Amino acid sequence: MGIDQANLVKAGAQRVLDNKPERLFTVGLRCTIEGFDYSDIECWETAWQTYCREVDAVCARRLLGEVQYFVRVLRKYEPRNYSLFPYGCRRLSHDESQILNFIVCMQKNDAAAADVAVRLVLGNAVQCHPENLRHLLSAGQAVADAFTAHALFFIPLGQDVLDALTGKSNAICPACPSAEMLQFPKLN
């Protein structure tokens, strides 16, 4: 079930994760970063199983491979602790929404917005070497291209949506009652 940009704020911005592309990207981002942070293969396995429930294995391999490579590049050029909400949470942290917005800009081929978005993602590393910045832009474009190749299109996120998604906060995820958790379809 999808939702269009015009209704995101009105319906509750956390509903952005009702859209398959946003949900898959966020799960891949969360699980990959947590896998690196905790040196736990279970995080990566959770991502793989989630992708395989949502798309076929060939698509899952391409999408998750690009997301994982993007995370490697991101961590290389901005090695900090990213504020992530737990797997299954319907909300996005500030960091998650900024990273998602960068990928959305790449898919929409909006170079100016992508440049602003990547600098917001990089935060303190704004003065990163131009070659490193190009490498991160390239990795982001590869993620966007993979989603596009599988007809998975992101909804453009305006500033009002980003603000509503995050509450401008990287606070701990509010207690997520089961109704707030993402529900994934069962494997056949």
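Student: Why is I41 called exposed?

Tutor: In this predicted model, I41 has a relative accessible area of 62%. A residue counts as exposed when that value is over 50%, and therefore I41 is called exposed. I41 is found in helix α3, which spans residues 41-54.

Student: How far apart in space are I41 and C31?

Tutor: The two residues are ten places apart in sequence, and their C-alpha atoms are 9.5 Å apart in space.

Student: What is the overall make-up of the chain in helices and strands?

Tutor: The chain has eight helices and zero strands. Read from the N terminus, the order of elements is α-α-α-α-α-α-α-α. Of the 188 residues in the chain, 48% are buried.

Student: What makes α2 and α5 oblique to each other?

Tutor: Their axes cross at roughly 125° and come within 11 Å. Angles of 65 to 115 degrees count as roughly perpendicular and those over 145 as roughly antiparallel, and an angle under 35 degrees would be roughly parallel. The crossing angle of roughly 125° falls in none of these ranges, and the two helices are therefore oblique to each other. The crossing of α2 with α5 is right-handed.

Student: Which residues make the contact of α2 with α5?

Tutor: Helix α2 contributes E22, F25, L29 and R30, while α5 contributes E96, I99, L100 and I103. Sorted by class, this contact has five nonpolar residues, three charged residues and no polar ones.

Student: Which residues touch the most other members of the largest nonpolar core?

Tutor: This core has 46 residues, and those touching the most other members are F25, Y51, L63, F70, I99, F102 and F147. The elements giving two or more residues to the core are α2 (20-38), α3, α4 (57-77), α5 (94-107), α6 (111-122) and α7 (130-149). Helix α4 provides the largest share, ten residues.

Student: What is F70 in contact with, leaving aside its neighbours within four places in sequence?

Tutor: F70 is in contact with F25, I99, F102, I103, L136, A139, G140 and V143. Among these partners, F25 and I99 also take part in the contact between α2 and α5.

Student: How much of the contact in the chain joins residues at least 24 apart in sequence?

Tutor: Among contacts between residues at least 6 apart in sequence, 74% join residues at least 24 apart.

Note on methods
Residues are numbered from 1 along each chain as its sequence is written. This is a predicted model: local features need pLDDT of at least 70, side-chain atom pairs count only at pLDDT 80 or more; totals for chains, interfaces and linings use all residues. Side-chain values use heavy atoms; hydrogens and water are left out. Helices (H or I, at least four residues) and strands (E, at least two) are DSSP runs, numbered from the N terminus. Buried means under 20% relative accessible area, exposed over 50%, partly exposed in between (1.4 Å probe, protein chains only). A nonpolar core is a set of buried Ala, Val, Leu, Ile, Met, Phe, Trp, Tyr and Cys residues joined through side-chain atoms within 4.5 Å. Contact means heavy atoms within 4.5 Å. Axes are lines fitted to C-alpha atoms, for helices over the stretch in contact, and angles run from 0 to 180 degrees between N-to-C directions. A crossing is left-handed if the near helix is turned anticlockwise from the far one by less than a right angle, and right-handed if clockwise. Ala, Val, Leu, Ile, Met, Phe, Trp, Tyr, Cys and Pro count as nonpolar, Asp, Glu, Lys and Arg as charged, and the others, Gly among them, as polar.
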